[in-house]
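Colleague: I should like to be introduced to this structure step by step. May we proceed by question and answer?

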Amino acid sequence: MTAQPEPTAQPEDHVIIGGANALTARMAEELTARYGLTVTVIVPSAATPTARRMAALADVRILEHAELDADAFLAAGLPTASGLAILHQDDLGNFHAALRAQEIRPDIRMVVAISNAALGYRIQRFFADCAVLSEAQMAAPSLVAAALGEPAPSHVRLGNRTLYVARREDVGAGLIVCGLAETVDAAAPRLLPPDDLTDDIVLAVADGSPRNPLSRRRRHRLAAPLRLARRVFWTKMGLVFGSLLAVLVAGFVLLALTFHLTGLTAIYLTFLDAAGAAVTGPQVPSTEKVAQFLLTFDGMAFLPLVTAAIVGSRIQGNRASASSLTGHVIVAGLGDVGSRVVGQLHDLGYDVVGIDKRADASGMAMARRLGVPVVVGDTNREETLRSAAVGSCQAIVSVTDSDIVNLETALNAEALSSGLRVVIRLNDDDLAARVEHDDTVSRSTSYLAAPAFAAAVLDHQVRRTIAVGRHVLLLAEVAADGEARLAGRAVADVHKPGTLRVVALRRRGADEADWSPDRTTVISTGDQLIVLATRAGLSAVLTGDS
């Protein structure tokens, strides 16, 4: 640990963040700019670009410590902090640091970044007040939606209702909560009244009717058999196989028609003749001689072909199956984010091909379990993209850990396939905004995840997040009393055009919420409001500025 100056006294509303990645920087910006808090960031080195970027922010203090130990937490003022976020990328290291922090301050509100969802769910029982979040899990739905060019079919269960994002034409007018209008210049989508027809995307309440925002892109029920036939026959070996199969059928027909045989008998004689067991002789009828000749030589060629096909499939493996796909989605980079994107696309019924330069990437096991073809190679090389059939795919999602590799992969893919939909992960938000155009969509996982991490470290009220384009909307439960000071106001007064909509109202002592509160309803002390808000809208209502 490097020597540190005596820490100055910290206000009780300051938040501590441990980490030095893009998510750390974005969360520090959220807490200072949106919520007006002071932030202390513990970093391994203050000389990194990310640390220097955070040091330039107002109300951010940087502490340099090699690890998140007791000395680091005490120097950061953990005993008086209102929250702690541990955002290192090592799951075990994050868990260990959280345990250390709890020994110093058992009641501290913590948010811990854990990429392993199963591990994250289980370690929560070690802590009194801890939220375990995954950056990849939050970003994946937005990446999937961008790749498909449709609203993500992610359903949010809140109370006894299910909310989901859909196109307006797919939803009944009485089920629309509000409209979601994505804008280019604004910091987040605008929230519009349900009857405002200027928006195409809406947040709706599910009523039990079978509905899928991607239903218009669902494949026909004959697509799977047709795709299988194309894989089998639309190759050189497949054409030879089809020709031999046609000869076999011709021999069967000759035998069946000439001797008026039953189907079972005709099949019996067909396979025996193909195996070289034909009964020969000058007295055999001419039609039978022709049938025997065709079947015998057909059988001689058929067995080596089957052997070659089996051996070839074992050698080529998934590369062969990938090259025969059409209309699929390529996911370049099978790390934490990429594996979640692959899983969600597979669950939606889309063909997926994975690419990674490492044969032992973390998403390889899942890809094998799902039967997803994988090409091992550099994602930005043309030969690798061709092996993944980039020329016949509908979209490519490049989510490696390197911005330059993702950008080069996108440019090469666009050069190899015109009209391709391209989604790239870029950690640099400014670069991400500038490279977007008609068929290229850029996303930053830290940008998508940071609002939820920031809100979670402050209180328990943020229940879910909804990704819309490059932005995130927050579903939160807000108490009428307290700093929000909502008691005595009408629901219509709480609505803020573009930034906040009241989704439901739960009266004090009531078990169920009113999901269609009248605009004139007056809010009472002890009531709870469920709101959908932008980051600015939520921070305004929580601080009483709304």
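Modeller: Let us begin with a definition: two strands pair if DSSP finds at least two bridges between them. Helices (H or I, at least four residues) and strands (E, at least two) are DSSP runs, numbered from the N terminus. This is a predicted model, in which local features need pLDDT of at least 70 and side-chain atom pairs count only at pLDDT 80 or more, while totals for chains, interfaces and linings use all residues. Residues are numbered from 1 along each chain as its sequence is written, and side-chain values use heavy atoms, with hydrogens and water left out.

Colleague: How many bridges join strand 4 to strand 5?

Modeller: Strand 4 covers residues 83-86 and strand 5 covers residues 110-113. Within this pair, A85 stands opposite V111 of strand 5. The two strands run parallel, and the number of bridges joining them is three.

Colleague: Which strands are the edge strands of the open sheet with the order 3-2-1-4-5-6?

Modeller: This open sheet has six strands with parallel pairing. An edge strand pairs on one side only; the two are strand 3 (60-64) and strand 6 (130-133).

Colleague: Which helix packs on this sheet, touching strand 1, strand 2, strand 3 and strand 4?

Modeller: Contact means heavy atoms within 4.5 Å. Axes are lines fitted to C-alpha atoms, for helices over the stretch in contact, and angles run from 0 to 180 degrees between N-to-C directions. The direction of the helix makes about 170° with that of strand 1 (15-18). It comprises residues 22-34 and is helix 1.

Colleague: Why is one side of strand 14 and of strand 17 left without a neighbour in the sheet?

Modeller: These strands belong to an open sheet of six strands, with parallel pairing and the order 14-13-12-15-16-17. Strand 14 (374-376) and strand 17 (440-443) stand at the edges, so one side of each lacks a neighbour in the sheet: each has a single partner strand.

Colleague: In strand 13, which residue is the bridge partner of A332?

Modeller: Strand 12 (residues 329-332) pairs in the parallel sense with strand 13 (residues 352-356) over four bridges. The partner of A332 in strand 13 is I355.

Colleague: At about what angle to strand 16 does helix 15 run?

Modeller: Helix 15 consists of residues 403-416. It lies across strand 12, strand 15, strand 16 and strand 17. Its angle to strand 16 is about 175°.

Colleague: Is N406 buried or exposed?

Modeller: N406 is found in helix 15 and touches, among others, S398, V399 and I424, not counting residues up to four places away in sequence. Buried means under 20% relative accessible area, exposed over 50%, and partly exposed in between (1.4 Å probe, protein chains only). N406 has a relative accessible area of 0%, and is therefore buried.

Colleague: How far apart in space are G93 and L68, C-alpha to C-alpha?

Modeller: G93 lies in helix 4 (residues 91-104) and counts as partly exposed at 31% relative accessibility. G93 and L68 are 25 residues apart in sequence, and their C-alpha distance is 8.7 Å.

Colleague: What percentage of the residues of the chain count as buried?

Modeller: The secondary structure of the chain comes to 19 helices and 21 strands. Of its 546 residues, the buried share is 49%.
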